[in-house]
Every structure is written in C-alpha cells, then in structure tokens.
Amino acid sequence: MPGRKKTNDLTKSAFFIALILLLSVTPLGYISLGVISATTIQIPVIIGAVILGWKKGATFGAVFGTTSLILATIRPGPTSFVFSPFVPVFGEEKGSLAALLVCFVPRILIGVVAALLFKALSKTKLRKGMICSICGFCGSMTNTILVMGGIYLFFGKSYSAANSIAYETLITAVMATITGAGLTEALISAAVCGAVCAALFKYLQKGKD
C-alpha cells in the first residue's frame, strides 16, 4: 500500500541520516591523514542511494555536506576555509562562498551517481553485490575528485600557502591525494557497499515473499 511504503521509506531514510550524523561526530567518520581527512561517511550515502534512489541519495549527500560545514566551522583547522564560508581564507580576512560548492556539490553527487549507476547496471547480468561494489567505488571517487578539483580551482593558492607547499606543485599533491587517500576510500567503500547492499537486498526480498 502507498501509505505503508511511504512510512517504510521514511524509516529507512531516518536510519541512514542517523548513521551519517553518528559517523560525523566519531573518529570513524573522518580519519585524519595529515593535510586532509579520509572519510567513511560516503558509505551510508551510497548504500542509501542504491536502496532508495537518487533523490534520497542527494538528500543523504546534502546531510553529509552539512556535517562537513558544521565541523569545519566549529572546529576550524588550517584548511577548513575550503569547506566553510564562515572561516577566513588563509591570508585573508573573510571566507568565500565557493566553500559551499566544495562542501555540498561533491557530497550530493555521491548519492546521485551511485543511484543512477546502480539503475543502469541493474539492466546487465552482473550480480547485485558486484554492482553495489562498483557503485561504492565510483560514488566515493566522485566525492574525492570533485572535492580536490574544487579546492584546486577555487582555493589553489591559499590552500598551497596553508600547507606550506609551492602552488606550482599543488596539482601533484592533488593527484597524490586522489590516488592515495581517495583510492583507499573508494576500495573500502566498494568492499563495504558490496557486502552490505547484497545482504540488504536479500533481506528486503524476503520481506516481500
């Protein structure tokens, strides 16, 4: 029934949002790797998107972005200005609204990319577990590439100065982050999303039988 399905979806959405919020306030959500933090919060965003679709995935991504904004604002570090317009850009007296783009757009697109990719790959003969692993990998890399790309595009010189590196070598540092921390995040996301989603789909299928 429509009413029951709506209630069921709201319950699932609340669960994923609660999980995102929980990870955001524990060391498991943001793992410090020096100049940037490796994140695991993209995992419930991806799983929620795969289960509930791209609109809900976008919402979960927005919640992820909100946690990034809040944490960067209340616990600012040397490079927090890239995620919060309320933190002064390094070497300047005020923040930049471009931080909102870096903070929210990549996070929102995690869910959108994962959900649309799942829908497309579901038309193939690949097993759901494999499809979910691919979605986990691609969703995570979407976040890393767009965040680092946004930092380079909008805050390149300030970010370089904050990290005491030459601007000319920033692109090398960006690529190292993408292929280092980013790839590690993506592989973890692929493994977890593949296993969890496969189990969830079996459970949900049982509920229909």
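This report covers the cores, one surface patch and several single residues of a predicted model.

Numbering starts at 1 along each chain as its sequence is written. Local features need pLDDT of at least 70, side-chain atom pairs count only at pLDDT 80 or more, and totals for chains, interfaces and linings use all residues, while side-chain values use heavy atoms, with hydrogens and water left out.

## Nonpolar cores

A nonpolar core is a set of buried Ala, Val, Leu, Ile, Met, Phe, Trp, Tyr and Cys residues joined through side-chain atoms within 4.5 Å. Buried means under 20% relative accessible area; exposed means over 50%; partly exposed lies in between (1.4 Å probe, protein chains only). Helices are DSSP runs (H or I, at least four residues), numbered from the N terminus.

The largest nonpolar core holds 26 residues. I20, I47, V50, F118 and F201 have the most contacts inside it. The helices giving two or more residues to this core are α1 (2-24), α2 (42-52), α3 (54-74), α4 (98-121), α5 (128-162) and α6 (170-208). The top contributor is α2, with 8 residues.

F201 touches V50, I51, F118, K128 and C132. Contact means heavy atoms within 4.5 Å; the F201 list leaves out residues up to four places away in sequence.

Another core lies apart from the largest one. It has 22 residues, among them F83, V102, C103 and I151.

## V102 and its neighbours

V102 sits in helix α4. It counts as buried because its relative accessibility is 1%. Leaving out residues up to four places away in sequence, V102 touches V82, F83, V147, G150, I151, F154 and F155. Which C-alpha separation goes with V102 and I151, 49 residues apart along the chain? The answer is 6.9 Å.

A second pair is A176 and G136, 40 residues apart along the chain. Their C-alpha atoms are separated by 21 Å.

## Helix α3

α3 has 21 residues and spans 30 Å from its first C-alpha to its last. That is close to the 30 Å expected at 1.5 Å a residue; the expected span is 1.5 Å times one less than the number of residues. The buried residues of α3 are G57, A58, F60, G61, V63, F64, G65, T67, S68, L69, L71 and A72.

## Surface patch

L101, V105, L109, I145, L146, L153 and F154 form a nonpolar patch on the surface. Together they have about 590 Å² of accessible area, from the Shrake-Rupley method with a 1.4 Å probe, where only the protein chains shown count as cover for residues. Patch residues have over 30% relative accessible area and no salt bridge, and nonpolar side chains (Val, Leu, Ile, Met, Phe, Trp, Tyr) are joined within 5 Å. A salt bridge is a side-chain nitrogen of Lys or Arg within 4 Å of a carboxyl oxygen of Asp or Glu.

α4 and α5 each give two or more residues to the patch. The largest share, 4 residues, comes from α5.

## Exposure of single residues

| Residue | Location | Relative accessible area | Class |
|---|---|---|---|
| T144 | helix α5 | 7% | buried |
| L109 | helix α4 | 30% | partly exposed |
| A176 | helix α6 | 44% | partly exposed |
| S164 | loop between α5 and α6 | 68% | exposed |

T144 touches I178, G182 and E185, with residues up to four places away in sequence not counted. S164 has a positive phi of about 55°, although it is not a glycine.

Terms used:
Patch = residues over 30% accessible without salt bridge, like charges linked within 9 Å, V, L, I, M, F, W, Y side chains within 5 Å.
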